[in-house]
Amino acid sequence: MDDLLLLVHRIPYPPNKGDKIRSYHLLRFLAARYRVRLGAFVDDPADCAHADAVRALCAELCLRPLDPRRAKLRSLVGLLRGEALTLPYYRDRALARWVDGVLAQGVRRVVVFSSAMAQYVLDRPGIELVTDFCDVDSDKWRQYAQAQRWPQSWIYRREAER
């Protein structure tokens, strides 16, 4: 069985809402065919209780805490850098080091669940990359922009463009 790196923006368990249902079934499918090394964020501390259920499906697991309030503040860096706010929201040095280590061990198959997680593997030579965009984020942000007043509408429109 070959190794595969799976990067998900939110722990795929419990499968109790849209993106978690989809990423959980993706993990189960991949785990039946590969030794999955999963990197994911935990944005709800209660979900830490489910780490063992996820670990049972993985050869290796890296769960990183994500405080949504702090992540929103970090995302403001994107305004200064001209990048999508989602990128600094999900940027984590420890996860990046873990991904570097996994790839250094020769793992070449990578599945990214949601566009924000692609930043960890873009421009890596020799990998086979599949991205599940989960949502069409740009369209989601565009719809949010239409439903909000300034300045929120400006932020959402900017995110849709980036």
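1. Asp123 is exposed, with a relative accessible area of 78%. The model in which this residue is seen is a predicted one. Asp123 belongs to the loop between S4 and S5. Its backbone also deserves attention, since phi of Asp123 is near 60°, a positive value in a residue other than glycine.

2. Ser114 is found in the loop that runs between strand S4 (109-113) and strand S5 (128-132). Phi of Ser114 is positive too, near 95°, and this residue is likewise not a glycine. As for its surroundings, Ser114 has a relative accessible area of 7% and is therefore buried. The reader may wish to view Ser114, which is buried, alongside Asp123, which is exposed.

3. Two cis peptide bonds should be noted, and each is described here with its place in the chain. One joins Tyr13 and Pro14, with omega about 0°. Pro14 sits in the loop between strand S1 (3-8) and helix H1 (18-31).

4. Another cis peptide bond joins Trp150 and Pro151, where omega is about 10°. Pro151 is placed in the loop between helix H7 (137-147) and helix H8 (152-161). Trp150 takes part in a further feature as well, a nonpolar patch on the surface.

5. The members of this patch are Leu73, Leu76, Leu79, Trp150, Trp154 and Ile155, and together they have about 650 Å² of accessible area. One of them, Leu79, lies in helix H4 (residues 77-81). Leu79 counts as partly exposed because its relative accessibility is 35%, a value between the limits of 20% for buried and 50% for exposed.

6. The disulfide count for this model is zero. Cys48 is in no disulfide, and the nearest cysteine sulfur, that of Cys62, is 12 Å away. The cut-off for a pair of cysteine sulfur atoms is 2.5 Å. With a relative accessibility of 47%, Cys48 counts as partly exposed.

7. Why does the sulfur of Cys62 form no bond with that of Cys58? The sulfur in Cys58 is the closest cysteine sulfur to that of Cys62, but the distance is 11 Å, which is too far for a bond. A disulfide is a covalent bond between the sulfur atoms of two cysteines. Cys62 is buried, as its relative accessible area is 10%, whereas Cys48 counts as partly exposed.

Note on methods:
Residues are numbered from 1 along each chain as its sequence is written. This is a predicted model: local features need pLDDT of at least 70, side-chain atom pairs count only at pLDDT 80 or more; totals for chains, interfaces and linings use all residues. Side-chain values use heavy atoms; hydrogens and water are left out. Patches are made of residues with over 30% relative accessible area and no salt bridge: like charges are joined within 9 Å, nonpolar side chains (Val, Leu, Ile, Met, Phe, Trp, Tyr) within 5 Å. Accessible areas come from the Shrake-Rupley method with a 1.4 Å probe; for residues, only the protein chains shown count as cover. A salt bridge is a side-chain nitrogen of Lys or Arg within 4 Å of a carboxyl oxygen of Asp or Glu. Helices (H or I, at least four residues) and strands (E, at least two) are DSSP runs, numbered from the N terminus. Buried means under 20% relative accessible area, exposed over 50%, partly exposed in between (1.4 Å probe, protein chains only).
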